[in-house]
Amino acid sequence: MWHGKGKTAIVGIGYSELVRQSKRPLGLLALDACREAIADAGLSPRQIDGLATYPEAPFLGAGTRDGVDIVSVAWIINHLALAPDVRWYAQIETGMIAAPVIEGAHALMAGACDYVLIWRALHQPRSYGAFSAARAAGDAQFLAPFGCVGVIQSHAMAWRRYMHQYGATREHLGTFVVNSRRNANLNPRAFFYTKPMTRDDYFAARPIAEPFCLFDCDVPVEGCVALVMTSAERARDLRRPPAYIAGHGQNTVGRRSLLFYTLDDYVINGQSLAGKLWSSAGLGPADMDAAQLYDGFSPSTLYWLEAAGFCKRGEAYAFIQDGRIALEGELPVNTFGGSLSEGRLHGMGHIAEAVFQVTGRAERRQVPGAAAVCAIDGSPMMRGSGIVVTRDP
Amino acid sequence: MAAPSEKPVPLADQLSQPFWDAARQRRLVVQRCADCGYYNHPPRPTCDRCSSQRLEFAPVSGRGTIYTFTVMHQPSVAGFEAELPYVNIVVELEEQPMLFMVSNLPHAELDKIRIGGRVEVWFEERGPDLALAQFRPV
C-alpha cells in the first residue's frame with residue numbers, strides 16, 4: 001500500500017462555463033475556474049505556491065499560443081496574483097490530468113509546497129479533427145494518405161472488433177450513452193444539462209465513424225476545470241470537507257501493434273494502471289461506491305470496467321445492462337454524465353465528480369454514503385492515469 | 001469557393017525510405033528482423049520482439065484479411081471530402097498475426113465489407129513519384 005495514502009486531499013473545485021465555442025479566450029476561462037477553485041477551498045490566490053497542468057492542445061495541428069490555444073503554468077503565474085514565490089510546478093504531457101494530481105500529491109508530501117492549483121483548459125475550434133498538413137510524417141505517413149489518421153478511427157475499429165469478438169451491439173452501447181445523459185440532466189455544469197436523450201434519439205443520431213454515431217463521441221466543449229490540493233493536516237482547517245487521495249496509478253503504454261490501437265492494447269495498458277491503482281490504495285473494485293471512467297468515446301468506459309476488474313474481459317457490454325450502472329444501481333458509473341454529456345475535459349470532470357461524491361457535494365446525483373470513488377482518465381489503449389479518493393483519510 | 005484540398009503525401013524518413021522506394025516499383029516490403037524473423041510495421045529502430053538492431057526489408061505476399069474497419073462519414077483528413085462516406089480497413093497480412101496495414105479500400109461496396117474478408121494489395125498511383133499500397137477484396 002502507498003505510504004502516502006490519505007496524506008493529501010483535494011479541497012476545492014472550480015468550473016468555468018462549458019460551451020461549444022466561447023467568445024472569450026481560453027486563458028480567461030482558466031482564470032475563472034482557478035479563482036473559483038481557490039475560493040471554494042476558502043483560500044486566497046496568494047496562498048497558492050504550487051502549480052501543475054496537463055497543457056497539451058486536444059487535436060493534431062492545434063495552435064500553441066499561450067492563453068488562447070493552451071494555458072501553461074507560466075500563463076497562470078503571469079495572470080493570477082499567486083504567492084510571491086511559487087515554489088513548485090510541473091507540466092505533464094503523459095498520462096492526462098490525473099498525472100498532475102499524482103505529482104501534486106508527491107510534491108505536497110515532499111514539502112515542496114503547501115497548496116497546489118491544478119487545471120485543465122481545452123480550446124476546441126470548429127476545425128477540430130481534420131488533418132490538413134500537405135505532408136504526413138512519422139506514423140501518419142502510413143495513415144493520413146488513406147484518410148485514416150484520427151483517433152476516432154482507432155477507437156471505432158477497436159469497438160468493431162469488440163462487437164465481432166464478444167457479440168456486443170449498438171443496443172448494448174446505447175444503454176451506457178443514455179445512462180450518462182440521464183446523469184448529466186442532474187448536473188447543472190453539464191453541456192447537455194437541459195437536453196434529455198432517449199434510446200430512439202441515440203439510434204437516430206448521424207453516423208460519424210461507423211459503428212460510432214454522434215453521441216458515441218464526447219462533446220468538444222471549451223472551458224476549464226481547476227482544483228486545489230493540500231496536505232491532509234491543512235485540509236482539516238479549510239472550508240470544504242476534504243477528498244483524500246487514497247491511491248494512484250498510471251499506465252505504461254505497451255502496445256501490440258504500433259500502427260493502430262488494438263483491443264488487446266486496452267487490456268495490457270488498462271491493467272497496468274489498475275493494478276497499481278488498487279495496490280496503492282489497498283482497495284479494489286468491490287470497494288468503490290461509484291466509478292468515474294473516461295469516455296472520450298463511449299466504449300472506453302466499457303474497456304475500463306474490464307481492465308480495472310469491475311467485470312471480466314468481454315463482459316462489460318452485458319454488465320452495464322439492467323440498471324446496474326445507474327445512479328441507484330450497484331455500481332453507479334459516470335454519475336455526472338461523463339465526457340459524452342458533461343463535456344470533453346480530458347478526465348478533469350471525472351476527478352471533480354469523484355470529489356463531489358465522497359464529500360457529499362453531488363446534490364441530486366449524490367450516491368448515498370459514498371466513501372470511496374475512483375476516477376480513471378484516458379483511454380486504456382493509450383495513456384492514462386487514475387486516482388481513488390475517499391471520504392476518510 | 002476554396003479549391004478542393006489535396007490528400008496528404010507521405011514524408012519518408014530514414015527508417016521508411018526503403019518501403020516507399022519499393023512501393024514505387026510496385027513491390028510490397030516490410031521491415032523484418034534478421035535475427036528472429038519478426039516483421040515490424042511501421043519500421044522501427046529495433047525489433048519489437050527481440051530488440052535486435054539487425055533489420056532489413058523483405059517482400060511479403062500482399063495477401064491478408066480485414067481485421068477491422070470503419071466507415072467514415074466525416075472527413076478526418078483533408079482531401080477526402082468528396083469521397084464521403086469512405087471506408088478505412090486494417091489489413092492483417094498473412095505472414096504474421098497482428099502485422100497490420102491500413103487502406104481506404106477505394107471503390108469498395110460498403111455493405112460487403114466484413115471482418116475476415118480476404119484482400120490483396122494493389123498500387124494506387126498518386127502523381128509521378130508516389131505509389132500507395134492499397135488493398136481490394138479478392
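This is a walk through a predicted model with two chains, A and B, starting where they meet and then moving into each chain in turn.

Let's begin at the place where the chains touch. On one side, 38 residues of chain A make contact, and on the other, 35 residues of chain B. If you want to find chain A's side of this meeting in the viewer, look for β5 (135–136), α4 (151–166) and β6 (207–210), the elements of chain A that each give two or more residues to it. The largest share belongs to α4(A), with seven residues. As for the character of chain A's side, its residues divide into 22 nonpolar, nine polar and seven charged.

The meeting of the chains also involves strand pairing. β5(A) pairs with strand β1 of chain B, residues 9–10, in the parallel sense and over two bridges. To see this pairing at the level of residues, place A:Arg135 in view: B:Val9 of β1(B) stands opposite A:Arg135.

Now for the inside of chain A, where β4, residues 115–122, is a good landmark. How many of the eight residues of this strand are buried? Eight of the eight are, so the strand is largely enclosed by the rest of the structure. It helps to remember a general point about strands before looking at the side chains. In a regular strand, side chains alternate between the two faces of the sheet. In β4(A), one side carries A:Tyr115, A:Leu117, A:Trp119 and A:Ala121, while the other carries A:Val116, A:Ile118, A:Arg120 and A:Leu122, and all of these are buried, so both faces are covered. Notice that A:Arg120 is among the buried residues here.

What does β4(A) pair with? One partner is strand β2 of chain A, residues 50–53, which runs parallel to β4(A) and is joined to it by four bridges. Within this pair, A:Leu51 stands opposite A:Leu117, and A:Leu117 is one of the buried residues named above. Another partner is strand β8 of chain A, residues 223–231, which pairs with β4(A) in the antiparallel sense over eight bridges. There, A:Ala121 has A:Cys224 of β8(A) as its bridge partner.

Chain A also has a well-covered helix. In α12(A), residues 348–358, eleven of the eleven residues are buried. Among them are A:Met348, A:Ile351, A:Val355 and A:Phe356, and also A:His350, A:Glu353 and A:Gln357. Just after this helix comes A:Gly360, with a positive phi of about 70°.

Two further spots in chain A have backbone features to look at. The loop between β6 and β7 (212–213) holds A:Pro211, and the peptide bond leading to A:Pro211 from A:Glu210 is cis, with omega near 10°. Farther along, A:Asp322 sits in the loop between α10 (316–319) and α11 (338–341). A:Asp322 has a phi near 60°, a positive value in a residue other than glycine. Is A:Asp322 buried or exposed? A:Asp322 counts as exposed because it has 10 C-beta neighbours inside 10 Å, where 12 or fewer is the cut-off.

Turning to chain B, you will find an open sheet of three strands in the order β3-β2-β4, with antiparallel pairing. β3 and β4 of chain B are at the edges and have a single partner strand each, so one side of each has no neighbour in the sheet. In the pairing of β2(B), residues 29–33, with β3(B), there are two bridges, and B:Gln31 has B:Asn40 as its bridge partner.

The loop between β3 (39–40) and β4 (55–59) of chain B contains B:Pro42, which is joined to B:His41 by a cis peptide bond with omega about -5°. B:Ser51 lies in the loop between β3 and β4 as well. B:Ser51 is not a glycine, yet its phi is positive, about 65°. B:Ser51 is exposed, with 12 other C-beta atoms within 10 Å.

Our last stop is B:Phe19, in helix α1 of chain B, residues 17–24. With 22 other C-beta atoms within 10 Å, B:Phe19 is buried. Leaving aside residues up to four places away in sequence, B:Phe19 touches B:Val29, B:Pro43 and B:Phe57. B:Pro43 is 24 residues from B:Phe19 along the chain, and their C-alpha atoms are separated by 8.5 Å.

Notes. Residues numbered from 1 in each chain as written. Chains lettered and ligands numbered in written order. Predicted model: local features only at pLDDT ≥ 70, side-chain atom pairs only at ≥ 80, totals over all residues. Contact = placed C-beta atoms within 7 Å. Nonpolar A, V, L, I, M, F, W, Y, C, P; charged D, E, K, R; others polar. Pairing = 2+ DSSP bridges. Buried ≥ 20, exposed ≤ 12 C-beta atoms within 10 Å, placed from the backbone.
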